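Student: I would like a close look at one part of this structure, and then at what lies elsewhere along the chain. Please give the cut-offs as you go.

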Amino acid sequence: MSQQSSAETSLSLARSHELFAEAQTLLPGGVNSPVRAFRGVGGAPIFIDRAEGSYLYDVDGNRYLDYVQSWGPMILGHSYPSVVQAVTEASQRGFSFGAPTQAESVLARLVIESVPSVEMVRFVNSGTEATMSALRLARAYTGRSKIIKFSGCYHGHADMLLVQAGSGVATMGLPDSPGVPAETTANTLSVAYNDGDAVAELFRTYPNEIAAIIVEPVAANMGLVLPQPGFLERLRTLSSQYGAVLIFDEVMTGFRVALGGMQERVGMTPDLTCFGKIIGGGLPVGAYGGRREIMQLVAPLGPMYQAGTLSGNPLAMAAGIATLNELRQPGQYERLEQKGQLLSEGIERVLYDQKIPAQFVRIGAMFCLYFSAEPVTNYASARRSDTAHFASYFWQMLERGIYLPPSQFEACFISLALTNAQLADTVAAVSAVLKKQD
Ligand SMILES: *Cc1c(COP(=O)(O)O)cnc(C)c1O
């Protein structure tokens, strides 16, 4: 297997490297969010100049098919005309008022109509804010303190959620990052994804202390791990039985795997749902919503305090409304599924023909290729993937004009802008890269 890093790529990236050198003197690691720094694949990130449709253009004039999509939001493709128009028009009426606008009700109605478990919604500015607030709400509603999360699930960077992956059995939360006091995570119980028995055990141990289970209904922050049959249903049963709130963190899967998110695909009703990414159409938006009885506790209607100077921002609402309106057109998710199938069939054939020990995982318009001989069902198995092989694959795909997430532990995204020909080109690139690595 050949190893390759950015130093050896034949792409011309001189301007990106210059800008990265400058950025590193001004921003920690040269970035404003860690994974952008390409540490997961070695080498330096490429700096983006602009994007249109399925393409990203970097500052050196290279063009790439974009499978990152700003980590999920750009499901229509970049600079989508109706979204650009909506944001432009909104900006001409003023950027922010800190007062109610009708746009907030329009986007709220779109979310509520698309996701039946959501009866009321509160908009915030990021997925982090959404999960943090939903957990505060669950604790306010139940009067309990403990929460259950799953190893390898990412719910943003709130202190209480930065808990090191446990090793199969329940681990009392040990903070993942310096700066997070142990007291803050002491109530965070972490168990392996897909381990319903471990969750049942926690409820037996703390029958009256668990406020909520928070779960990514498809785990999309350790690569892509699907829920095994019965896992999510078991969480629903246990949380109902013990009076805990079930929170689906659909920041990634909401409006991605179906209009109604993963809960639509599995026919389930969580108590609260978190959103982000797609509902902002590329502008900073998050949201949490759910049963009216619970949402009524949110201030000013109820006592649970949560606020935001820029929450419900008119430009962000405009981008979200335009994006959801496009996604609600008939046939959009069928189109995404058909594009996903084209890619699946192509890549699975490559793996089979070339006898590559890798796992291709896909649901709807998201996928991941694990360089691992064993099926990936949780964080521990995801971590056993060959990250050096992934890094080499990543750089060679980049060289062929395919921009993938720069980490084995991130999901790839398909946008409606990707044509069948571009998907076929992608499969051809995967085939060529994996063949070369034999
Ligand atoms: C991205 C993500 C978050 C955090 O959202 P930010 O907008 O980055 O704060 C939370 N949960 C899930 C599942 C995510 O994918």
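Tutor: We start at the ligand, follow one residue of its shell, and then move on to strands, sheets and a few loops.

First, some ground rules. This is a predicted model, in which local features need pLDDT of at least 70 and side-chain atom pairs count only at pLDDT 80 or more, while totals for chains, interfaces and linings use all residues. Residues are numbered from 1 along each chain as its sequence is written, and side-chain values use heavy atoms, with hydrogens and water left out.

Now to the ligand. Around it stand S126, G127, T128, Y154, H155, G156, E216, N221, D249, V251, M252 and K277; a residue is near a molecule if one of its heavy atoms lies within 4 Å of it. By residue type, this shell splits into three nonpolar, six polar and three charged members. The classes are Ala, Val, Leu, Ile, Met, Phe, Trp, Tyr, Cys and Pro as nonpolar, Asp, Glu, Lys and Arg as charged, and the others, Gly among them, as polar.

Some of these residues make polar contacts with the ligand, meaning pairs of N or O atoms within 3.5 Å. T128 brings an N or O atom of its side chain to 2.6 Å from a ligand oxygen atom. D249 has a polar side-chain atom 2.7 Å from a nitrogen atom of the ligand. G127 takes part through its backbone, where an N or O atom lies 2.8 Å from a ligand oxygen. Of the 380 Å² of accessible area that the ligand has on its own, the protein covers 83%; areas come from the Shrake-Rupley method with a 1.4 Å probe.

K277 deserves a closer look. An unreviewed UniProt entry lists K277 for "modified residue: N6-(pyridoxal phosphate)lysine"; such annotations may be inferred rather than shown by experiment. K277 sits in the loop between β10 (272–275) and β11 (286–290), where strands are DSSP runs of E with at least two residues, helices are runs of H or I with at least four, and both are numbered from the N terminus. Its phi is near 45°, a positive value in a residue other than glycine. K277 counts as partly exposed because its relative accessible area is 25%; buried means under 20%, exposed over 50%, and partly exposed in between, with a 1.4 Å probe and protein chains only.

S70 also has a positive phi without being glycine, near 55°. This residue lies in the loop between β3 and α2 (81–92) and is partly exposed, at 42% relative accessible area.

Next comes strand β5 (residues 146–150), which is largely enclosed by the rest of the structure, because five of its five residues are buried. K146, I148 and F150 point one way from β5, and I147 and K149 the other way. In a regular strand the side chains alternate between the two faces of the sheet. β5 runs parallel to β8 (residues 210–215), joined by three bridges, with I148 opposite I213. β5 also runs parallel to β7 (residues 188–191), joined by four bridges, and here K149 has S190 as its bridge partner.

Elsewhere, an open sheet with mixed pairing has four strands in the order β1-β2-β3-β14; two strands pair if DSSP finds at least two bridges between them. Because β1 (48–52) and β14 (402–403) stand at the edges with a single partner strand each, one side of each has no neighbour in the sheet. β1 pairs with β2 (residues 55–58) in the antiparallel sense over four bridges, and E52 stands opposite Y55. In the loop between β2 and β3 (63–66) lies N62, which is buried, at 15% relative accessible area.

Another open sheet has three strands, β12-β13-β15, with antiparallel pairing. Its edges are β12 (359–363) and β15 (412–413), each with a single partner strand, so one side of each is left without a neighbour in the sheet. Five bridges link β12 and β13 (residues 366–370) in the antiparallel sense, with C368 as the bridge partner of V361.

One last backbone detail: a cis peptide bond joins A299 and P300, with omega about 10°. P300 is in the loop between α9 (292–295) and α10 (314–327).

Note on methods. A polar contact is a pair of N or O atoms within 3.5 Å; within protein, one must be able to donate a hydrogen and the other to accept it, and residues adjacent in sequence count only if both atoms are side-chain atoms.
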